[in-house]
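Trainee: I am new to this structure and would like a close look at a single part, with its surroundings explained afterwards. Please start with a small sheet.

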Amino acid sequence: MLARVPRDRFARVSRDPLTGTTIAGYSLEQRVGEGGTATVYRASHATHGVVALKVLREKLRQDRTAVARFLREASFGTRVQHPNVVRTIELGQSDDGLHFLAIEWAAGELLEGYAKRSAPLAPDEVATIVTQIADAVHAAHVNDIVHRDLKPENLMYDPASRSVKLLDFGIATATDVTPD
């Protein structure tokens, strides 16, 4: 699970050694979230523009299980192509061995924060949000993937466009293979 800093308010986060560096052409501008296995950065790239760059923690890059799970997350992101699911752009490994996953930068803020701050939401807005979440989950299921971590902090919501994006396939599982 990633502890995310709201994207609409770049709160002060302690200095990160990768912030300000470049990994495979991605300039890491700011750390926006972190979890047990990876750190997420807002990054820019000459071709891809602004992205979210998820970097496997350095201490885990020799851990075969952690690397396999990271690669599996990336493969799930490429299998599910839907307007309400963040798009996977690139998976790679830097020259110094850091595994990274570049994904679409989703506009808005975490649904968790928006819902708390804006409650109660209008019924039509709730219906729009729930319909988009259901569409995203359905798209994953059609591709034999169960997200397994569906919660407001894994959903980006852009109130201006009323658009939802499902994030973080980190603990997802495929139903078309034997579980590990």
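What is the order of the strands in the open sheet of three strands, and is their pairing parallel or antiparallel?

Mentor: Happy to walk you through it. This is a predicted model, in which local features need pLDDT of at least 70 and side-chain atom pairs count only at pLDDT 80 or more, while totals for chains, interfaces and linings use all residues. Residues are numbered from 1 along each chain as its sequence is written, and side-chain values use heavy atoms, leaving out hydrogens and water.

Your sheet has the order β8-β10-β11, and its pairing is antiparallel. Here strands (E, at least two residues) and helices (H or I, at least four) are DSSP runs numbered from the N terminus, and two strands pair if DSSP finds at least two bridges between them. β8 (109–110) and β11 are the edge strands, each pairing on one side only. Between β10 and β11 there are four bridges, and one of the partnerships to look for is L155 with L166 in β11. Helix α3 packs on this sheet, touching β10 and β11, and its direction makes about 30 degrees with that of β11. Contact means heavy atoms within 4.5 Å; axes are lines fitted to C-alpha atoms, for helices over the stretch in contact, with angles from 0 to 180 degrees between N-to-C directions.

Now look at the nonpolar core, meaning a set of buried Ala, Val, Leu, Ile, Met, Phe, Trp, Tyr and Cys residues joined through side-chain atoms within 4.5 Å. Buried is under 20% relative accessible area, exposed over 50%, and partly exposed in between, using a 1.4 Å probe and protein chains only. The largest such core has 19 residues, and V80, L111, I133, I145 and F169 have the most contacts inside it. Two or more residues each come from α2 (111–118), α3 (123–142), β10 (155–158) and β11 (163–166). The biggest giver is α3, with six residues. Zoom in on V80 and, leaving aside residues up to four places away in sequence, you will find V85, A139, A140, N143, I145 and F169 touching V80. A second, separate core of 18 residues includes A38, A66, F70 and W105. In soluble globular proteins, nonpolar side chains tend to be buried together.

A66 and F70 lead us to helix α1, where they are buried along with V67, E73, A74, F76 and G77. Among the elements covering these buried residues are β4, β5 (49–56), β6 (88–93) and β7 (99–104). At 1.5 Å a residue, counted for one less than the number of residues, the 16 residues of α1 (64–79) should span 22 Å, and the end C-alpha atoms are indeed 22 Å apart.

Of the strands covering α1, β7 is mostly covered: six of its six residues are buried. β5 pairs with β7 in the antiparallel sense over five bridges, and V51 stands opposite E104 there. β6 also pairs with β7 in the antiparallel sense over five bridges, with G92 partnered by F100. The hairpin of β6 and β7 has five residues between the strands, and G97 takes a positive phi near 90 degrees.
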